[in-house]
Amino acid sequence: MADIILTKKQARRFLLLKHGLLGSYKFKGKDGILDFVRQAGCIQFDPIDVCGKNAELVLQSRVKNFSKNMLYELLYTERKLLDYFDKNLAIIPLEDWKYFERVRESHRQWERSHEEVKSVHDKIIQEISERGPLSSADLDMQEKVDWYWSETRLARAALEHMYFSGELAIHHKKGNVKYYDLIENCIPEEILTAEEPHPLDFDYKKWLVLRRIGSVGLLWNRASDAWLGIPDLKSEERNRIFDALLSEEQIIKLEVTDIPHALYCRVEDSPLIDLV
């Protein structure tokens, strides 16, 4: 039995307060963008733009005085944010780069059309070193190869693979066109050379689960899309992780009226309970 019981209305208010969607603005300007991304862990990037791209809509609704240019500058001028994968293609805080070495290593070991991609690796490094940031259209590699959604040009597949594996970063974009540069030109050496914080798989998964709980605000220990991208996370291991986080006093267990399963929040979010 959880010590804290909320009504559904209180739980809704907790989530709205957590995400800066209730009352006066919690997040303001560029610092607010950074604060929200750090709180959320990531914002999914989606290039589809109907009335704004997903990341822009998320931030516009939460950050006072937000503009698209602010996000672009944080990504590609000031480089305090970074395009990379967390569940899906996302925007993450630059300092979180070190946590995803496992993802990069898995791409180094295998990729679709791996041999074809490897065959042009050195040429791409040379081209970018000599010419500066390049898009796939700047490379004369017309051969088609199997890729994740459909066949694509070898140039695109190779650039994306080298981005996935951590050799290239997105230097800037023109519309949805990505221009890639050598990773060392985009990320400081102290971040590139930082040690993996969680050498044990269990500790790494525990960090990811805690990150996702903090991202959502209130989350249960059940099957959920919130666990996407956490490799081989099965219910038995997830239970062990929740037990560990509770014993370490990193999360709090709550009950919400008429919801049959317990919910959990991060300890640092618990002061919001007093406001609902």
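This briefing walks through a few helices, two helix contacts and some loop residues. The model is a predicted one, so keep that in mind as you look around. A handy place to start is helix H11, residues 235-247, whose buried side is covered by elements that include helix H10, strand E11 and strand E12. From there we move to the helix pairs, then to helix H4, and finish in the loops.

**Helix H11: length and sides**

- Helix H11 has 13 residues, and at 1.5 Å a residue these should span 18 Å; the C-alpha atoms at its ends are 18 Å apart, so the two agree.
- Six names make up the buried list here: Glu237, Arg238, Ile241, Phe242, Ala244 and Leu245.
- Those buried residues cover an arc of only 160 degrees around the axis, which means they sit on the same side of H11.
- Look at the face turned away from that buried side and you'll find the exposed residues Glu236, Asp243 and Ser247.
- As for what lies over the buried residues of H11, the cover includes helix H10 (201-216), strand E11 (251-256) and strand E12 (263-266).

**A closer look at Glu237**

- Glu237 is part of helix H11, and with a relative accessible area of 15% it counts as buried.
- Leave out residues up to four places away in sequence, and Glu237 touches Phe202, Lys205 and Asp232.

**Where H10 meets H11**

- H10 and H11 pack with their axes 10 Å apart, at an angle of about 75 degrees.
- That angle makes H10 and H11 roughly perpendicular to each other.
- On the H10 side, the contact is made by Phe202, Lys205, Lys206, Val209, Leu210 and Ile213.
- On the H11 side, the partners are Glu237, Arg240, Ile241, Phe242, Ala244 and Leu245.
- Sorted by class, the contact of H10 with H11 has 8 nonpolar and 4 charged residues, and no polar ones.

**Where H7 meets H8**

- Here's a second helix pair: the axes of H7 (residues 121-131) and H8 (residues 154-164) come within 11 Å and cross at roughly 85 degrees.
- H7 and H8 are therefore roughly perpendicular to each other.
- H7 brings His121, Ile124, Ile125 and Ile128 to the contact, while H8 brings Ala158, Leu159 and Met162.
- The residues of the contact between H7 and H8 divide into 6 nonpolar and 1 polar, with no charged ones.

**Helix H4 and its surroundings**

- In helix H4 (residues 68-76), the buried residues are Met70, Leu71, Leu74, Leu75 and Tyr76.
- Both helices and strands help cover the buried residues of H4: the list includes helix H2 (29-40) and helix H3 (54-60), along with strand E5 (81-86), strand E6 (88-93) and strand E9 (168-174).

**The loops on either side of H9**

- Ile187 lies in the loop between strand E10 (177-182) and helix H9.
- With a relative accessible area of 2%, Ile187 is buried.
- Set aside its neighbours within four places in sequence, and Ile187 is in contact with Leu82, Leu94, Trp97 and Leu192.
- Ile187 and Asp232 are 45 residues apart in sequence, and their C-alpha atoms are 30 Å apart in space.
- Glu195 belongs to the loop between helix H9 (189-192) and H10.
- At 70% relative accessibility, Glu195 counts as exposed.
- Glu195 and Tyr99 are 96 residues apart in sequence, with 8.9 Å between them in space, C-alpha to C-alpha.

**Two loop residues with positive phi**

- Just after H11 comes Glu249, with a positive phi of about 55 degrees although Glu249 is not a glycine.
- You'll find Glu249 in the loop between H11 and E11, and at 63% relative accessibility it counts as exposed.
- Asp258 isn't a glycine either, yet Asp258 has a positive phi of about 70 degrees.
- Look for Asp258 in the loop between E11 and E12; at 67% relative accessibility, Asp258 counts as exposed.

Technical notes: Residues numbered from 1 in each chain as written. Predicted model: local features only at pLDDT ≥ 70, side-chain atom pairs only at ≥ 80, totals over all residues. Heavy atoms only, no water. Axes fitted to C-alpha atoms, helices over the stretch in contact; angles between N-to-C directions. Helix = DSSP H or I, 4+ residues; strand = E, 2+ residues; numbered from the N terminus. Parallel < 35°, antiparallel > 145°, perpendicular 65-115°, else oblique. Contact = heavy atoms within 4.5 Å. Nonpolar A, V, L, I, M, F, W, Y, C, P; charged D, E, K, R; others polar. Expected span 1.5 Å × (residues − 1). Buried < 20%, exposed > 50% of the residue type's maximum accessible area, 1.4 Å probe, protein only. Arc of directions from axis to C-beta.
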